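The following exercises concern a ligand site and the salt bridges of a protein. Each task is followed by a solution in steps.

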Amino acid sequence: MKKSLIELERGLYKPKLPEALRFGVELQKREVVNVADEIKGIFPCTSGMPVVRFLRGEERKYEPVNVGVILSGGQAPGGHNVIAGLFDGLNHFNSRCRLYGFIGGPSGLIDHKYVEISFDLVDECRNTGGFDMIGSGRTKLETEEQFEKGREICEQLGIKALVIIGGDDSNTNACILAEYYEKKGYGIQVIGCPKTIDGDLKNEYIETSFGFDTACKVYSELIGNVQRDAISAKKYWHFVRLMGRSASHITLECALQTQPNVAIISEEVKEKNMSLSDIVDIIVDSVVKRSNGGQNFGTVIVPEGLIEFVPEMNRLIKELNDALASDDEYNQLKTDDDKRYYVMQALSPESREFYVTLPNRIAKQLALDRDPHGNVQVSKIETEELLIDLCTQRLKRLKDEGTFKGSFSALSHFFGYEGRCSYPTNFDSNYCYTLGFTAAALIVEKMTGYMVSIKHLTAPCDQWIAGGVPFTAMMTLEKRKGVMKPVIKKTLVDLSDEPFSFLEAHRGEWADETNTYLYPGPIQYYGPTELCDAATITLQLEHPYHHS
Ligand code: FBP
């Protein structure tokens, strides 16, 4: 197959590993994390285990082991390198180990669809983006029937360990699977790796999920380019919605990298109980200020989950979900107008009053687009269009009153899929390879119920600390569909943390008539280490590296 020059070139890149993993390893057991009694009760076999880390140790002989690997959920740059690191790691510990990839995500395990991962297959995919080596999927591994199907195929292939590469939900299910296999005594270990561009799988033990670094750098390049266009043409305001589901980590990181005029952070909107009108105030304020300085252009970036955090919208969405989730009468209505009328009748007077103020297109999207569970698909609501509409109306009013004398012409963008399969940055290439290699080390050391944890990520790679944390140490109880369930918590933007404080300290100046844009440009693979290997600004602010 023909390859692009960059693909050939990246294929030659040798990901860096922490020093401790390059030779023999020694497993060091550290603290046992105290977990709630309820968690201990649900996971008697996999709680009470210590956090572990690897130190450089004697070269040792390990038993060969057959391992299965699963990619779960949305694509994130670096997934292939986790598999490459796992493959090379297993080989490093015993060249008779074998690795099987389950095709199409968790459903591959249940339906027994797999491929044996060969050296050639790994070599084809080193340092590439995408999950196409074995594919991914969103099937949830949660029932005993599925677990048993998994056991059957593991027994057939002699698989003694599964590596699940996924986000908070997939790792929560990996924890349940690990406990189940342990309780049944099947001798199948389960190890997780933290994946998601959204950056919301992070905590005391997991500094960041892989893919966040690359995705943010791709979006930041695009935002920088749009800013350069804006400052050149001087006639457009660009409204950019960024992926990330509920969390605003991506928007925050992109704001720090590009310094747009306005960056809205959903978690702040929620904390301050800001209405849609308050958000419009912030944007319009910047438009007017900049226009007074002769700058009728600018950039606004917003997270895709924003509307869920706006109180009146949140109430409306809840009412719509409740009213329409399993409503046959609604589903049989033929025309959009009939559906809209039906929706209006189902709403409380407060929500109805708000609903009628929404632009037609958005009102329609809210009433029509449902996911298979009957919920509004918030990621498909064009929040950026909604904001453009509301700002246009407000600025027209100001113009009529004579308080706005400039012009306002806006363009909308949504950056999401553009960043999910990019060639991983050096950071993600190294991080992912290390995650996979560490998973191999945990497996040969017979650990189960652990997520790979790599710490000190802002230090040079050879100083990273590779180890694992029991899934149960990260579990809390949350209400899901009305029932308390153990889950690995999604981490949203913490308004008291450094990254948000930095934004808060500088955004006034960015919103102003002066232009403070940054243009990060494309991802760099060669050149000074500070440029090529650097972690995100978020990581650097959260975990500053102190040169010794
Ligand atoms: P994961 O949580 O599975 O990593 O996926 C993240 C994500 O890219 C979100 O940012 C986005 O909202 C969603 O997936 C899109 O999902 P889909 O790929 O099903 O369109």
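**Exercise 1. Identify which residues around the ligand come nearest, and classify the shell.**

Step 1. In this predicted model, 13 residues surround the ligand, and those that come nearest are G74, R138, D198, E304 and Y417.

Step 2. Sorting the shell by class gives six charged, four polar and three nonpolar residues.

**Exercise 2. Determine the distances between ligand oxygen atoms and side-chain N or O atoms of R138, T196 and E304, then state how much of the ligand the protein buries.**

Step 1. The cut-off for a polar contact is 3.5 Å between N or O atoms.

Step 2. For E304, a side-chain N or O atom is 2.5 Å from an oxygen atom of the ligand. For R138, the corresponding distance to a ligand oxygen is 2.8 Å. For T196, a separation of 3.0 Å is found between a side-chain N or O atom and an oxygen of the ligand.

Step 3. The ligand taken alone exposes 480 Å², of which the protein buries 80%.

**Exercise 3. Describe the salt-bridge network that links D88, D123 and R126, and assign a burial class to each member.**

Step 1. The whole structure contains 24 salt bridges. The criterion is a side-chain nitrogen of Lys or Arg within 4 Å of a carboxyl oxygen of Asp or Glu.

Step 2. D88 and R126 satisfy the criterion through their side chains, with an N to O distance of 2.8 Å. D88 belongs to helix α3 (residues 79–93), while R126 sits in the loop between α5 (119–125) and α6 (144–157), so this salt bridge ties together parts 38 residues apart in sequence.

Step 3. R126 also forms a salt bridge with D123, where the closest N and O atoms are 2.7 Å apart. Salt bridges thus link D88, D123 and R126 in a network.

Step 4. Buried means under 20% relative accessible area. D88 counts as buried because its relative accessibility is 16%, and R126 counts as buried at 12%. D123, with a relative accessible area of 34%, is partly exposed.

**Exercise 4. Locate the salt bridge between E382 and R361 in the chain, and decide whether R361 is buried, partly exposed or exposed.**

Step 1. The side chains of E382 and R361 meet at an N to O distance of 2.7 Å.

Step 2. R361 is in helix α17, whereas E382 is in the loop between α17 (360–368) and α18 (383–401); the pair links distant parts of the chain, 21 residues apart.

Step 3. The relative accessible area of R361 is 45%, so R361 is partly exposed.

Terms used. Residues are numbered from 1 along each chain as its sequence is written. This is a predicted model: local features need pLDDT of at least 70, side-chain atom pairs count only at pLDDT 80 or more; totals for chains, interfaces and linings use all residues. Side-chain values use heavy atoms; hydrogens and water are left out. A residue is near a molecule or strand if one of its heavy atoms lies within 4 Å of it. A polar contact is a pair of N or O atoms within 3.5 Å; within protein, one must be able to donate a hydrogen and the other to accept it, and residues adjacent in sequence count only if both atoms are side-chain atoms. Accessible areas come from the Shrake-Rupley method with a 1.4 Å probe; for residues, only the protein chains shown count as cover. Ala, Val, Leu, Ile, Met, Phe, Trp, Tyr, Cys and Pro count as nonpolar, Asp, Glu, Lys and Arg as charged, and the others, Gly among them, as polar. Helices (H or I, at least four residues) and strands (E, at least two) are DSSP runs, numbered from the N terminus. Buried means under 20% relative accessible area, exposed over 50%, partly exposed in between (1.4 Å probe, protein chains only).
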